[in-house]
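Visitor: I would like to go through this structure label by label. For each term, please give me the value and the cut-off behind it.

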Amino acid sequence: MAEAVISTAVCTITKKLASLIQQPIELACGVEEQLKKLKNTLSTINSVIHDAEEEHDKNEEVRVWLGKLKEAVYDADDVIDEYQTDNVQRQVLVCRSLIKKVCTFCSLSNPILFRCQLGKKLKQIRKNIDEIAKDRSNFHSTVPSERVGKGALLKREQSVSDVSSEVIGREDDKEEIIKLLLSSNEKENVTIIPIVGMAGLGKTTLAQMVFNDDSVASHFEYRQIWISVSDDFNLRLISRKIAEKLDHENYGHLDLDLLQNLLKQKLSTSKYLLVLDDVWNEDRVKWYRLKDLLMSGARGSKVLVTTRARRIASMMATGTHYVYNLRGLPYDKCLDLFLSWAFERDQDRPQNLVAIGKGIVSKCGGLPLAARTLGCFLYRKDEDEWSFVKDSELWELAQKEDDILPVLRMTYDQMPHYLKPCFAFCSLFPKNHLIDKETLIHLWMAQGFLQSSDGSPLEKIGNRYFNELLSMSLLEEELKDHDDEATHCKMHDIIHDLAQLRKETVIDLLANLKCLRILILSESEFDGLPSSIGSLLHLRYLDLSMNRLFRRLPRSICKLQNLQTLRLYACVQLEELPKDTWKIATLRHLDITSNQDFLPKKGIECLTSLRSLSIYKCYRLSTLVRGMQHWTSLQKLCLIDCPRLSSLEFDLNSLISLETLEICNCSVLDLSGRLKKKDEDRLKGRRSLLSQLAGVNYRKEDKREQNEGAEKKEEGQQGLQKLRSLTFVQLPKLIELPYDLKNAASSLQCLSTSNCNNLSSLPDWLPQCTALKKLEIMKCKMLSLDDKDYEVRYIMISASQVSIFVINRDLADKLKELVQKKTLNEANTVDLDVLTAERSSLNEFLKNY
């Protein structure tokens, strides 16, 4: 939707202008005045954009007007971008102490001339926006003088009798919900049970089926109340509706206090069933005020809630086990539903149409409303029209008020304005595409969709936006990490159609090369890039990964002073990075594959904005440079398939923000230079590893060791205290874990090592890892337990499972006995698997490991 992107762009530009005005910069030729005027104009026009939101889809004049405004706003963004780019270039030169007095007039540009031109451009842009703003009053408005809230427009007041007498495919769901309603809860008088799922799944229909069930009605002695809530979560209104449906009286004249007293009295007499349908409210205060009233009900009372947002369901539910996640219909049930709406029940179903219908139903993705919508649309249509629907996108078809896309549109309209462009952008991925969360966030960032008002990193804000879209069921989790956080997602086909309907507000951002923010040329067959790429001064995201032909990048790429993400993964012919790569001071994420022996040393310390660095298949790389110690913002470091990498020329403790460290298949990498163990540490006497493995919740260290930790901090060794995930794979030179990692003991959540054949012991600081969720050790042939010659093949400990595989059966029995005696079962353990099989079974296992 145009207004969503324009509104976001206006907010972004306004913040940029505010920042520029506050800076102590020399602005010639009235630029400062133009900046202030433009800021005021944009602030004023932003409210007009929100007013136009209601008219966009209904009024052609509004659509044209928004189009003109959009172009002017983007022009303003480009001009401000040019100034910021010029400013960054000068700051980079200062960083390297290369600037000279003569550079003031002769380096990148003449600053006086440049800022005079800037002032003229800003003046013209402001004039254009002023004229466009005046045009707003020249055409007819379809919005009433008193704006009607979205809640009134979106409200779905449905009767409990609306449900069809024959609902296909929800019999099992109905029985599960009824079980929850008829069960008892000893802790609470009133149990709250949310049904959650995306629009079109049939949450309301399922609630109606349950509500009308005879066994449910008799269980609650026919004290049943149905309230359609939508986004108008008004405590007085909801309280009045509940009271009126209990005794069929009119209580419109009562104030809230009297209503609350009346309601508490009525609810306490006997158990009741209340359905709150279509809840959108995320305000915890509002919910708890209503909850206080409802909890006065008699023991056994139930509240059934339908909502599209998992966040709301979690807030309202009595407990997580009471949240019912409604899934899509199986394909065969969805087909039955589609055919029942496409044909008369007693009519023959032509096989040619049924065959086409099977392809159409695959578009529905298990959504009953989609199946019903398409079935109704094709009722009494001929084969040509059936084939047309099969080959069309859903959003291309005519839609009635209660069809699938208008219903989904309610979700879009309720979405916060800052999420709308992020959601629409997802439609640029193909249907059924597995979307990497990190990549998606970087793309949002490149488009300027992520803005920080409190100084939070943009990546953190993007992660929050991503989780909000998940909560609203607009994105679906596909893969998770060890913290149970989503790392990849997909977009349901129907949701993709909705986003397609909204995307023409996004796609035109990429149409004009001069304002290009994102350029993806992955898996292409280019043998090089033109030097003109340096003219794309607004570029934020450049993906050249898996280009197997080009050998060099033009030096002009270093002029991209707004670049945030540069991906060069699997560019196997790339000889080296340009020497001036350090000039890209805005770079936050860098993936590299190259054939160089060393990374560029000159000025690398200037890349202080870098958040992630991944080095893949750099077969000739021998060392990492010392300048990396200045990367105090680095959160992720991956070194993978670098067979000649022998050393790290910097202290790991200097990476104070590091959260993820992954080093894999670096056969000559020697981390012993980082081993700073004192002689007295070696003489302490190792704690029995058996006691360490006996439970996930390790005991706290004694006071002496706590004092030692404090001394380390005083010595300034405070790095790695944010490290959460550590992975070492196929490192033959690794004998013991780097002692620097001791600083991560309180933060480390996942520790995984495999194929480290010379790893001989686990560290003494392991019991201090109180946050550890997963410990996994595989194929470390030299690792022994308790100073005895027993070879450990596999150890895996997590909050849900413990597996310990060793060579010696007697030792395995001992482990099993110790594990059972300790507190492991108190750590929510659901599976204890200690290998005690006969030698033949053990040998079979070892063949695989």
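Guide: Start with Cys756, in what is a predicted model. Cys756 has a relative accessibility of 0%.

Visitor: Why is Cys756 called buried?

Guide: Buried means under 20% relative accessible area. Cys756 is at 0%, so Cys756 counts as buried.

Visitor: How do you know that the sulfur of Cys756 has no bond to the closest cysteine sulfur?

Guide: That closest sulfur belongs to Cys780 and is 5.1 Å away. A disulfide needs the two sulfur atoms within 2.5 Å. The pair is therefore too far apart for a bond.

Visitor: What makes Cys642 a buried residue?

Guide: Its relative accessible area is 0%. The cut-off is under 20%, so the label applies.

Visitor: Why is there no bond between Cys642 and Cys666?

Guide: The sulfur of Cys666 is the closest cysteine sulfur to that of Cys642, at 4.9 Å. The limit is 2.5 Å, so this pair is not a disulfide.

Visitor: How many disulfides does a search of the whole structure find?

Guide: Zero.

Visitor: Now the strands. Why is β13 called largely enclosed?

Guide: Strand β13 covers residues 612-616. Four of its five residues are buried, so the rest of the structure largely encloses β13.

Visitor: What makes β12 and β13 a pair?

Guide: Pairing takes at least two bridges. Strand β12, residues 589-592, shares four bridges with β13, in the parallel sense. The pair therefore qualifies. Ile592 stands opposite Ile615 in β13.

Visitor: How do you know that β13 and β15 pair?

Guide: The same test applies: at least two bridges. β13 and β15, residues 636-640, have five, again parallel. So they pair. Here Ser614 stands opposite Cys638 in β15.

Visitor: Which residues touch the most other members of the largest nonpolar core?

Guide: Phe338, Trp386, Phe423 and Trp444, in a core of 84 residues.

Visitor: What does Phe338 touch, leaving out residues up to four places away in sequence?

Guide: Its contacts include Gly357, Ile360, Val361, Leu378 and Trp386. Another core, of 75 residues, lies apart from the largest one. Among its members are Leu607, Cys618, Leu661 and Ala744.

Visitor: And the chain as a whole?

Guide: The chain has 27 helices and 23 strands. Of its 849 residues, 53% count as buried. About 38900 Å² is exposed, and carbon and sulfur atoms supply 48% of that area. Take contacts between residues at least 6 apart in sequence: 68% join residues at least 24 apart.

Definitions and conventions:
Residues are numbered from 1 along each chain as its sequence is written. This is a predicted model: local features need pLDDT of at least 70, side-chain atom pairs count only at pLDDT 80 or more; totals for chains, interfaces and linings use all residues. Side-chain values use heavy atoms; hydrogens and water are left out. Helices (H or I, at least four residues) and strands (E, at least two) are DSSP runs, numbered from the N terminus. Buried means under 20% relative accessible area, exposed over 50%, partly exposed in between (1.4 Å probe, protein chains only). Contact means heavy atoms within 4.5 Å. Accessible areas come from the Shrake-Rupley method with a 1.4 Å probe; for residues, only the protein chains shown count as cover. A nonpolar core is a set of buried Ala, Val, Leu, Ile, Met, Phe, Trp, Tyr and Cys residues joined through side-chain atoms within 4.5 Å.
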